[in-house]
Amino acid sequence: MSVHTSELTAPRPAPAAPARGAVGAGVALGLLASCNAMVLLDESMVQIALPGMGQGLGLTPVGLGWVINAYLLAFGGLLLLGGRMGDLLGRRKVFLTGVALFTVAAALRGAATSQEFLIAVRALQGVGSALATPSALALVLSTFGEGAPRKRAIAVYTAVGAASTAGGLLLAGTFSSLSSWRWMLLLNVPLGLLILLLAPLVVEETEPSRGRFDLAGALVSTLGAVCLVFGLTRAAEHPWTDVTVAGPATAGIALLLVFLVIERRAQQPIVVLRLFDDRNRIWAYAGTFAVQGALIGTGFFLVQFFQQFAGYSPLASAVALTPVAAAMITMSGAAVWLERRLGPRPLLLTGAVLLIASNVWLSRLTPDFHYGGSVLPALLLFGSGMAFCVVPPTILATSGLHSDEAGAASSVHNALQTVGASLGLAILVTVGTNAGRSAEQSLPAGAPPEEAMGHVFVESMSASFLAGAGFAAAAFLAASFIRPSGAATARTSDS
């Protein structure tokens, strides 16, 4: 792809990271990773708090859906703009603005008295996440130079995110039994305030890039992403042929194609198309997108399965899923070590195989399962595969960048994760729903209601996990196109 910008015709290497002590860089990494943790923690807590919100505020099922969708639409729609704002205005400034919006919204929703107010502050949270998340990852890149230090930092960043997901489930499970849903939703406020207090002291500001906003690209990309995410979230509950699914999804794809045309002609595009000149980065992006469908089903279906058919409490369900985070944290360090010696391709292929195996394994669960023999091994495989499929693509997607491209590259990476997760969940729910209907039709007449419901759910979950294995297979295919020479490049940059 050609880029019509004179300043990009002669690639210039990204400058070395600012000189600073190891302790200062470590503290900065901890705060930036804490932002990622705060966002992921929040997602877990909101999922657990939904029933309490519905009862406390009288929310309809549609209203509960909008509590989730309002956040996703703002987050997914503004990610590209948020990343570019960090490049042009200063990443720390945009990062702090995003954290402030997220924290204020988190505090306000705990005091919500109506459905409309709650949905509005959830949208504000999405805006905050869209500003903070790509800027946080871009600040990690500017704090740690290319090579081994950056790879270790990315591993820590992703591992903290995995741990926070499990932590969110544990906290939400505990508070759902001990306290009101309102107190649960305030748990992130102290963490947000701590980040706002300490980040200006330990996170260095980046020099703003010269340029101006690509307003046409920002508008079209935002509208396109909003339409696409809206259509995909609707697809989780409605047929793909429904006008509220097919219409927005088609419009979103069309707008994103128009966005590509705009970017090719823009003098200072919101997403620099040079990012897609690197073959390995393209396939890393493809793998990032595909693997989300292999990851999304575990938390979504297993929590329901544990609570509805195994008699687990919310807290026990959360504890049952912690092996995923434990394996992810353990194997993230190993992923960096192996990537430096073998290159990203073997790790991605191995991780995809582990995700295929774990999804297939979980597809065979029955209501009379034994946790230690039926679930635990699959979750350990899943967490290991997650580490191998998340850390290397992040390294590939954020390597070899110009100094003014880190925000754009981070926002593209995060946008692909968001849209991939939305698409993955929509397809898994659709596949599961169809399988459940088939199972219901095959039930013998007079089957006990509880037994029938269990049979239908298990068949639905089984089909969904097999679809998740299909997404992992697509990630394997994407990884197979990555050039093996990336290993040599990585070793050279580390030396």
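This is a short tour of a predicted model, going from a pocket to a helix pair, a cavity and one buried alanine.

Before you start, note that residues are numbered from 1 along each chain as its sequence is written. In this predicted model, local features need pLDDT of at least 70 and side-chain atom pairs count only at pLDDT 80 or more, while totals for chains, interfaces and linings use all residues, and side-chain values use heavy atoms, with hydrogens and water left out.

**Stop 1: the second largest pocket.** Select Leu256, Leu260, Phe276, Val412 and Leu416, which lie nearest the centre of this pocket among its 22 lining residues. A pocket here is an open set of points on a 1 Å grid over the protein atoms alone, where a 1.4 Å probe fits, with protein on both sides within 12 Å along at least five of seven lines; lining residues have an atom within 4 Å of a point. The space comes to about 760 Å³, a volume being what is filled by probe spheres set on points joined across faces, edges and corners.

Now colour H2 (61-89), H8 (215-235), H9 (243-265), H10 (279-309) and H14 (406-441): each supplies at least two lining residues. Helices are DSSP runs (H or I, at least four residues), numbered from the N terminus. H9 gives the most, with five residues. The lining has 20 nonpolar, two polar and no charged residues (nonpolar: Ala, Val, Leu, Ile, Met, Phe, Trp, Tyr, Cys and Pro; charged: Asp, Glu, Lys and Arg; polar: the others, Gly among them).

**Stop 2: H12 against H13.** Select 344-362 and 371-397, helices whose axes lie 7 Å apart at an angle of about 150°. Axes are lines fitted to C-alpha atoms over the stretch in contact, and angles run from 0 to 180 degrees between N-to-C directions. H12 and H13 are therefore roughly antiparallel (over 145 degrees). Their contact divides into 19 nonpolar, eight polar and no charged residues.

**Stop 3: the second largest cavity.** The whole structure holds two cavities of 30 Å³ or more, a cavity being a set of points where the probe fits but cannot get out. For the second largest, of about 60 Å³, select lining residues including Trp283, Thr288, Leu348, Cys389 and Ile482. H10 contributes the largest share, four residues, and H12, H13 and H15 (449-480) each supply at least two.

**Stop 4: Ala439.** Finish in H14 with Ala439, which is buried at 5% relative accessible area (under 20%, with a 1.4 Å probe and protein chains only). Show Val456 too: the C-alpha atoms of Ala439 and Val456 are 5.5 Å apart, although 17 residues separate them in sequence.

Key
Parallel < 35°, antiparallel > 145°, perpendicular 65-115°, else oblique. Buried < 20%, exposed > 50% of the residue type's maximum accessible area, 1.4 Å probe, protein only.
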